[in-house]
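Here are my notes after a look through this one. Have the viewer open while you read.

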Amino acid sequence: MYRRNRRSLQFAALAAGTALLATACNAAAKDSASDSSASSGKSFTLVTPDPVGQNEFLKLAVTGVEAAAKAHDGTKKVYQSSDTASEQQNVQAAVDAAPDVIVLVGFEFADLVAQQAEAHPKQQFLVIDACTTKTYENVSCATFREHEGVYLAGAEAGLLSESGKVGAVDVLDTPQFRRYSDPFAAGAKKVAPKTTASTRFVGGQSPFDDSARAKEQANALLSGGTDQIMAAAAAGNYGVFEAAKAKGAYAYGVDVNQCTSAPGTVVDNVIKKTDVAVEEGIKQVLAGNTGKTISYGLKEGGISLTGLEDGVDTSKCVIADHKDVLTKVEALRDQIVSGELKVDDPAAS
């Protein structure tokens, strides 16, 4: 599982606040392909918490800011961070450049944005997959309704399970993280009412990065007969996949297509379309709809399953071989989009 995925699963706590560095020297590498081109349009800067590389989650964010620049006859810059120091440097560099909108992906930027938003009230910020604790008129946020996609993955599990037992390996036992386990059980029981479901939690000192503990929890489920597991263990997902493969069971990934990590084992993935959130978020900011948090789910196209997207046949996902299941899941998706079916959100207050 991508390091970005560990962070994107985090909703319960924000990164510890740190003092901003005075300068932006030695900032991480940036993509400045359109920096020097003359344009009378808008300017956008994207700051990532990690190098983009082959990280599909962050590559989608880059796609989103590129689309926004094209739509508004503007320019874009991408600052790629690699650690806390470069995150601070890149945020400062972005603020110093004063673009129309600064886009940041991840909870680790929340404290930095809060500080900069107060110091630069005319600068517009867009935070993706997180938000600041305090509301600011110049800080807009985009979050995701992951539970809707998890519900659909659960429906796939219920339809495919031979044992009638499904489960989830979750990071922590909190309402926010149960968005990745409770709806999975609900979706399975929707299509197969006799299904039983169990959840195991990674916990420990490093719940987001402990593949060994995640594998142990998966094995505990498998030993009880579970044959379909929602892997919501962040970096520990690989441990879940290994356990499932060894027992001939199946797993489900998150955020991006993880089927390529374990072909024949990963059935499908609950994907977050950061490109949609970035492009639409920028559009809202430029329209003056600022200082708000917009939620993206199935209806807005911000959440989906790999199986419901174009290219599923080459995705290496097991679900590609079960078109009949996808047909039923598509019907459930349409019911959720129309409002006919409501998926309970464990994190709802």
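The points below go from the whole chain to a few local spots.

1. First, the caveat: this is a predicted model. The chain has ten helices and 13 strands. Of its 349 residues, 54% count as buried. Taking contacts between residues at least 6 apart in sequence, 71% of them join residues at least 24 apart.

2. Have a look at the open six-stranded sheet, which runs β8-β7-β9-β10-β11-β13 with mixed pairing. Its edges are β8 (196-201) and β13, each of which pairs on one side only. On average, neighbouring strands here are turned by 20° against each other, ignoring direction. Inside the sheet, β7 (residues 165-170) and β9 (residues 228-232) run parallel and are joined by five bridges. If you want a spot to check the register, Gly167 stands opposite Ile229 in β9.

3. Helix α7 (residues 211-223) deserves a slow look. Its 13 residues should span 18 Å at 1.5 Å a residue, and the end C-alpha atoms are indeed 18 Å apart, so the two agree. Which residues of α7 are buried? They are Ala214, Gln217, Ala218, Leu221 and Leu222. Viewed down the helix axis, the buried residues fall within an arc of 140°, so they line one face of α7. That fits the usual picture, as an α-helix has 3.6 residues a turn and residues three or four places apart therefore point the same way. On the other side of α7, you'll find Ala212, Glu216 and Ser223 exposed. The cover over the buried residues of α7 includes β7, β8, β9 and α8 (237-247), so this point ties back to the sheet above.

4. Both ends of α7 have something to show. At the start, a side-chain oxygen of Asp210 comes within 3.3 Å of the backbone nitrogen of Ala212. After the helix comes Gly225, with a positive phi near 100°.

5. Now over to β5 (residues 124-128), where five of five residues are buried. In a regular strand the side chains alternate between the two faces of the sheet. In β5 both faces are covered: Gln124, Leu126 and Ile128 are buried on one side, and Phe125 and Val127 on the other. Strand β4 (residues 101-105) pairs with β5 in the parallel sense over five bridges, and Ile102 has Phe125 as its bridge partner in β5.

6. Back to the edge strand β13 (residues 303-305), which holds Ser304. Is Ser304 buried or exposed? It counts as buried, because its relative accessibility is 6% and the cut-off for buried is under 20%. The Ser304 side chain makes a polar contact with the side chain of Glu309, at 2.7 Å. Setting aside neighbours within four places in sequence, Ser304 is in contact with Asn269, Val270, Ile271, Lys273, Leu298 and Glu309.

7. Last, two backbone spots I'd flag. Most residues other than glycine have a negative phi. Ala98, in the loop between α3 (84-97) and β4, has a positive phi near 50°. Lys316 is not a glycine either, and its phi is positive at about 70°. Lys316 sits in the loop between β13 and α10 (323-338), and it counts as exposed because its relative accessibility is 51%.

Note on methods
Residues numbered from 1 in each chain as written. Predicted model: local features only at pLDDT ≥ 70, side-chain atom pairs only at ≥ 80, totals over all residues. Heavy atoms only, no water. Helix = DSSP H or I, 4+ residues; strand = E, 2+ residues; numbered from the N terminus. Buried < 20%, exposed > 50% of the residue type's maximum accessible area, 1.4 Å probe, protein only. Polar contact = N/O pair within 3.5 Å; in protein donor to acceptor, adjacent residues only side chain to side chain. Contact = heavy atoms within 4.5 Å. Pairing = 2+ DSSP bridges. Axes fitted to C-alpha atoms, helices over the stretch in contact; angles between N-to-C directions. Expected span 1.5 Å × (residues − 1). Arc of directions from axis to C-beta.
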